[in-house]
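I opened this entry to record what I looked up in the model. I start with confidence, then go through strands, core and backbone angles.

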Amino acid sequence: MIKNFFRAFLATVFILGAIGMNAQTNIYVYKNDGTANKYDLAAIDSISFAVPQESNLLVNPGFEIPDDQTDNLPAPSWLPVDKNWFTTYYPAYTTNTWTSANRVGGGTDGDTFFTSGNGTSIASVRTGTYVGRLLLSATSGMYQLVNVTPGDYQICVNLAIAEISQSVIKSNEAIKILSEDGTTTYGTLPIPAIDRTLMTLVGNVTIPEGVTRVRFQLDQRDYAATPNGQGRAPLMLFDECKFCRDFCAGTENFIDTSGITMPIRKILAEYYVDADGNPTLYFGSAPGTITPSPNNTAVNREFSYLTPGDAFKETQIHPDPDTWDWSYSDPWIQAAKTNGQVLRMHGPIGTQCPP
Ligand SMILES: [Ca+2]
């Protein structure tokens, strides 16, 4: 009896000891890159593969509550960036070497932005009726104040840049997470200098201890006093901005711009082939030049299929009953071989050689 009790006592002690030794307050997720994430068990509510509802901290993130299209009344929740912020945040513009970084120029429209609902340049970026718009040739910006707790946040912004022909997209503009007064930078998301392309920018920022409020800011600078107007700001359009704790769910619904620069022939080769790799769709160009142009790099980059305009017609190849002339057609054959293209000959009978 005592023996059994003693055994039970020992077993109990052992179990308690094991629990005591192994009691953990953290859980670790090991990733295949060799790193691991640590989570506090007390802070975990549940673990799931389901994508959680995002909690976008921005109000009016798609600018669907518009302003009054004037310079004076910002859209609800979005505030204009005062022009003095630019000259405080960036070193003053002192020379006309407009290519140097971190300058800010004239900016007579320093605090203007407005929402816009029309114009062909925004058709591809707009969701809903309106987008936020930073003016062409204006130093301008908009921001929201967001209550935060220290930790990791994600930024997601739909962005389109237009009117580059009248301006220069600076390579050092960025979406910013700043202190409430705009003087401290917690994180930036660089804006690529790409014209007329819908971009979805995604980035992360860590809010440090002690910070309870930040400003989520979209801005750009115009360098008015530059040679030949080279420093003019383009038109920037924003829509569906997100600022979320940890990460923004639903980013899979953003349009992925990574493939937009893919040449058409590469898209066809990747997505329009049968099981044996044979093309199921041909998409090409009909160059009007009589001989292939070595400088026609856009055609060769984009198209795997060509129909030369006149080089294979009877007027070139067989201009009279005794003459055969391959001087125009042979270079096309050679160029097509060099560039890996299929040629569809337009001829030999055409409108230039009626019977
Ligand atoms: Ca919108």
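**Confidence**

pLDDT is the predictor's confidence in each residue, on a scale from 0 to 100. I keep that in view, as this is a predicted model. I looked up the stretch at residues 12–22 and found pLDDT under 50 throughout. The model gives these residues zero contacts beyond four places in sequence. I then checked residues 252–259, where pLDDT is also below 50. This stretch has 10 contacts in the model beyond near neighbours in sequence.

Next I took the chain as a whole. The average pLDDT is 75, and 67% of the residues score at least 70. Which elements hold the lowest and the highest mean pLDDT? I found helix H1 (residues 2–22) at the bottom with 47, and strand S8 (residues 174–179) at the top with 96.

**Inventory**

I counted elements: six helices and 14 strands. The chain has 355 residues, and 27% of them count as buried. I also looked at contacts between residues at least 6 apart in sequence. Of these, 69% join residues at least 24 apart.

**The S1–S2 hairpin**

Is strand S1 (residues 26–30) buried or largely in the open? I checked its five residues and the number buried is zero, so S1 lies largely in the open. Its partner is strand S2 (residues 36–40): five bridges join the two, and they run antiparallel. I noted one facing pair, Tyr30 opposite Ala36 in S2. Five residues lie between the strands of this hairpin. Among them I looked at Gly34, which takes a positive phi near 95°.

**The open sheet**

I traced a sheet of five strands next. The order is S3-S6-S11-S8-S9, the sheet is open, and the pairing is antiparallel. Which strands sit at the edges? I found strand S3 (79–80) and strand S9 (185–190), each pairing on one side only. Inside the order, I looked up S8 with S11: four bridges join them, antiparallel. Ser179 stands opposite Val214 in S11.

**The largest nonpolar core**

I listed the largest nonpolar core and got 35 residues. Those touching the most other members are Ile155, Val157, Leu159, Ala160, Met236, Leu237 and Phe238. I then asked which elements give two or more residues to this core. They are helix H2 (83–89) and strands S5 (131–134), S6 (140–147), S7 (151–162), S8, S10 (199–207), S11 (213–220) and S12 (235–245). S7 gives the largest share, eight residues.

**Positive phi outside glycine**

I scanned phi last. Most residues other than glycine have a negative phi, so I wrote down two that do not follow this.

Phe63 has a positive phi near 60° and is not a glycine. I placed Phe63 in the loop between S2 and S3. Why does Phe63 count as buried? I found 30 C-beta neighbours inside 10 Å, and the cut-off for buried is 20 or more.

Glu240 is the second entry, with a positive phi of about 50° in a residue that is not a glycine. I found Glu240 in strand S12. Glu240 counts as buried because it has 23 C-beta neighbours inside 10 Å.

Definitions and conventions
Residues numbered from 1 in each chain as written. Predicted model: local features only at pLDDT ≥ 70, side-chain atom pairs only at ≥ 80, totals over all residues. Contact = placed C-beta atoms within 7 Å. Buried ≥ 20, exposed ≤ 12 C-beta atoms within 10 Å, placed from the backbone. Pairing = 2+ DSSP bridges. Core = buried A, V, L, I, M, F, W, Y, C linked by C-beta atoms within 7 Å.
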